[in-house]
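User: I would like a close look at a single part of this model, with the surroundings described step by step. Please keep to what can be computed from the atoms.

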Amino acid sequence: MAVTDFFAGEIATELFKMLITITRKACLCKPSAEQLLVSIEELLPIIEEIKYSGVELTATRQMHLDVISRALHDGHELAGKVLASSRWNVYKNLQLSRKMDKVEKKISRFLRGPIQAHILADVHHARFESTERFDRIEGSNRRLEQRLGSMKIGGSGGGWWIEEAVEKIGVEEPYEGDLVKVGMELGKRKIKEMVLDRDDLVVIGINGIGGSGKTTLAMEICRDDEVRSYYSNKILFLTVSQSPNVEQLRQRIFDFISESKINGCSDIGSQWPLQFNPWNTVTPMLLVLDDVWTLPVLNQLIIKVPGCKILVVSRIKFQSDLLNATHELELLREEDAISLFCHTAFGKTEIPPGSDENLIKQIVEKCKGLPLALKVIGASLRDQPETYWKAAKNRLSRAQPICDSHETELLNRMKLSIDYLSDKVRDCFLDLGSFPEDKKIPLDVLVNIWTELHDIDEEETFAILYELSSKNLLTLVKDSRVGDSYHSKCEILVSQHDVLRDLAIHMCSLENVNQRRLLVMPRRENGVPKEWERNSDQPFLAQIVSVHTGEMREMDWLKMEFPKAEVLILNIDSTDYFLPPFIENMPKLRALVLINYLNSTKTAELHNLSVLSKSRNLRSLWFKKVTIPQLPKITLPLTNLRKISLILCKIDIKDQPELDLSLLFPRLTELTMDHCVEMTKLPSSICQVKTLKSLSITNCEIEELPSDLGKLLFLQILRVYACPKLKTLPSGIKDLIWLEHIDISQCVALHGLNDEIGRCASLKELDMQECLQIKRLPNSVAWLRSLRRVICDDEIAWQWEEVTKELPGLCVLVTEQNHDLEWLKE
């Protein structure tokens, strides 16, 4: 009995202690809620400012910001419930307290994890911009040397070229940033007056032909300090395009409106259009709808919320009661047109002394005052002799319109810039028309395509892109690591103006549909185009086939023959997709690209993957935002497949222990997986793929690498950056005698380098930025006689400096870390 009483007393004591703990936690619930509310109200406006500032973000960054934004809103709502809860309801307060703990941990993880990667990316971009400026100066110097010995359009003497080159260095960059001032100041003043001073104007239009500077003007309005101040940075810039996903655009607008009203009611209802005001105060907001093509789409996106103004940018002047006012963008006057053309062709804002003024004015006149045409044609004539200019003028004069459309006439005139390109560069420009409008193209995709189509390597790809960029035929959005052959090209992007894409498609569509080298769907459709269907009884002889659809089922595809197709590009906008059966009728298929442009975190469930087993010549696969439930049991291995790239994909290989990648892909040389967050472990059979030269697993939740990694005897590049759960490198890494590059940057849990890493005799570069757990270097690093560059943080740089005594050719680069959040306010 005494023993029983003893245990009962002990249990009662423990229960009493637990009750005190629970009560204390419940009592502290309200102060914690108040503190959480203060933190959220400080952080949320900054996050919203970034999301809706009009600055275009990558899909990954937008996803991160969407996730933390939702978490902050949930926390705001939860804190309100806690403050409204009765103090004596201990159980409810305990439940709310636990939920608050989860919210706080989620916010804390974001601030410790992804936000640091965002900071590092911005530091990289800032560093690249300064480097690019110096590269431009060096390029100007090289061109100056080439000019000294030749006679150009200004040919009476070479002295003025020296003055021009010196001026170009100082003038080119600022002038590019101020191009909106060329003939646009009047338009900017008018639009500002409408969006700031005219309360009676709610929906305002900006219209003009393609390439006239509509989007440039709209973006300049969004960047204007007075406009940003008036709207408290509550500005949303959306690109609608010819193939809009209206539901996604509506959701973005819905989120923008509701988040802008966070201090009031957060539920704005489910009806559309939004046309009521459940809030007590009016919050000024600016919504910009760029590149709107049809009135029905515009009707579906218009909102009527007090305080919200809408700027509609379109090539079309909509005759509708929807628009309260419209500003028609005029083409440039002769003086402004000459100024813009001369800037592009000579690097000066006026006709250089000694040049043929009459010839220049004749060419400018043929551009019809269109800014894009002036830039493109001016760039194509830069550094060319006078005879070249005269020939160009004659060809421009012969480019008569094929119809009454001013835009069509300009397309024919701008074709001149393409005709003067070499055949290979011209074909590469035309290939860019295979991708949807207003979308950025990953460089890695172009490398894959052009390698197969034009037999060019990565270095030549860079050269071609630079040439096209220098002629204003595309824009490079470059990552800070551009040009480093060791680093991934997934984040180096290429963009192109809509009119230039139209030009590429126009030039590719002159032949009969069955005879075209490029078979392209210009815009998103619900199925195969009618023109293709009408001609499907004959083979299509295209080298590149580009399809742009939403969800596709097996019955939606046609039976089609593509005997010469080498590249298939599938641009999709869906969560469910059946690969086209006609792939088996592409005997020469060498590269398959599938990009899901769905603007959400969801991926597309991929079906009919087994059709690839018939593609015996397939060498490259590039997938983005798709789900592959299980790799099919392919009876015929893809014996020629060399490259696999999986970006933002979900792959289920956990239940396939028998999967043997060496049998499926016996000649694989490159495997890239980026942001495949559900990939926690690589199949061990990857180590049997003896031909593998590059293994890149980045931004993944992978916890360990296969222990037999050392069997990949020909591996040259090992990239595992931003894998936060990776704690160790396999011991087999010492056997990789041909390994030249290791990137373990941002592996924050990695404990250290292997003690025997010194046996990697061929290692040339090691990137170990932000490896916070690595405190010391193994002694064997002194054996790395081939090592030429180490990138690291300041904390461990001194140890590498000691190693340079043994390795005098080693260069140690210390990264500058800035974990200040002030950049968010810029």
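Which residues does Phe623 touch, not counting residues up to four places away in sequence?

Analyst: The model is a predicted one, and what follows should be read with that in mind. Leaving out residues up to four places away in sequence, Phe623 touches Leu592, Leu594, Leu606, Leu609, Ile628, Ser645, Leu646, Ile647 and Cys649. Phe623 itself is placed in strand S15, and because its relative accessibility is 2%, it counts as buried; the cut-off behind that word is a relative accessible area under 20%. For one of these contacts there is also a backbone distance: Cys649 is 26 residues away from Phe623 in sequence, while the C-alpha atoms of the two are 7.5 Å apart in space.

Two of the residues touched, Leu592 and Leu594, lead to strand S13, which covers residues 591-596 and has six of its six residues buried. As a general matter, the side chains of a regular strand alternate between the two faces of the sheet. In S13 both faces are covered, with Ala591, Val593 and Ile595 buried on one side and Leu592, Leu594 and Asn596 buried on the other. The leucines that Phe623 touches, Leu592 and Leu594, therefore belong to the side of S13 that also holds Asn596.

The pairing of S13 can be followed in two directions. Strands of a sheet pair through backbone hydrogen bonds, in either a parallel or an antiparallel sense. Between S13 and strand S15, residues 620-624, the sense is parallel and there are five bridges, with Val593 standing opposite Trp622 in S15. Strand S11, residues 567-572, also pairs with S13 in the parallel sense, here over six bridges, and in that pairing Val567 stands opposite Ala591. S13 thus has S11 as one partner and S15, the strand that holds Phe623, as another.

Leu606, a further contact of Phe623, brings in a separate set of pairings, since Leu606 in S14 has Tyr577 standing opposite. S12 and S14 run parallel and are joined by three bridges. Both strands belong to an open sheet of four strands, paired in the parallel sense and ordered S12-S14-S16-S18. Strand S12 (576-578) and strand S18 (650-651) stand at the edges of this sheet, and because each has a single partner strand, one side of each is left without a neighbour in the sheet.

The loops on either side of S15 complete the picture of this part. In the loop between strand S14 (604-607) and S15 lies Ser615, which is buried because its relative accessible area is 2%. Once neighbours within four places in sequence are set aside, Ser615 is in contact with Ile583, Leu589 and Leu638. The loop between S15 and strand S16 (626-628) is the place of Lys625, and this lysine has a positive phi of about 60 degrees although it is not a glycine. Lys625 counts as buried because its relative accessibility is 7%, which is below the cut-off of 20%. A positive phi is also found elsewhere in the model, at Asp383, where the value is about 70 degrees and the residue is again not a glycine. Asp383 has its place in the loop between helix H14 (371-381) and helix H15 (386-398), but because its relative accessibility is 26%, it counts as partly exposed, whereas Lys625 is buried.

For contrast with the buried surroundings of Phe623, one may turn to a surface feature. Leu713, Phe714, Ile737 and Trp738 form a nonpolar patch on the surface, and together they have about 420 Å² of accessible area. Trp738 lies in the loop between strand S21 (717-719) and strand S22 (741-743), and at 49% relative accessibility this tryptophan counts as partly exposed, while Phe623 at 2% counts as buried.

To return to the part in question, Phe623 is a buried residue of strand S15, and S15 pairs in parallel with S13, a strand that is mostly covered. The contacts of Phe623 include Leu592 and Leu594 as well as Leu606, Ile628 and Cys649.

Conventions
Residues numbered from 1 in each chain as written. Predicted model: local features only at pLDDT ≥ 70, side-chain atom pairs only at ≥ 80, totals over all residues. Heavy atoms only, no water. Buried < 20%, exposed > 50% of the residue type's maximum accessible area, 1.4 Å probe, protein only. Pairing = 2+ DSSP bridges. Patch = residues over 30% accessible without salt bridge, like charges linked within 9 Å, V, L, I, M, F, W, Y side chains within 5 Å. Areas by Shrake-Rupley, 256 points an atom, 1.4 Å probe, with all protein chains shown as cover. Salt bridge = Lys/Arg side-chain N within 4 Å of Asp/Glu carboxyl O. Contact = heavy atoms within 4.5 Å.
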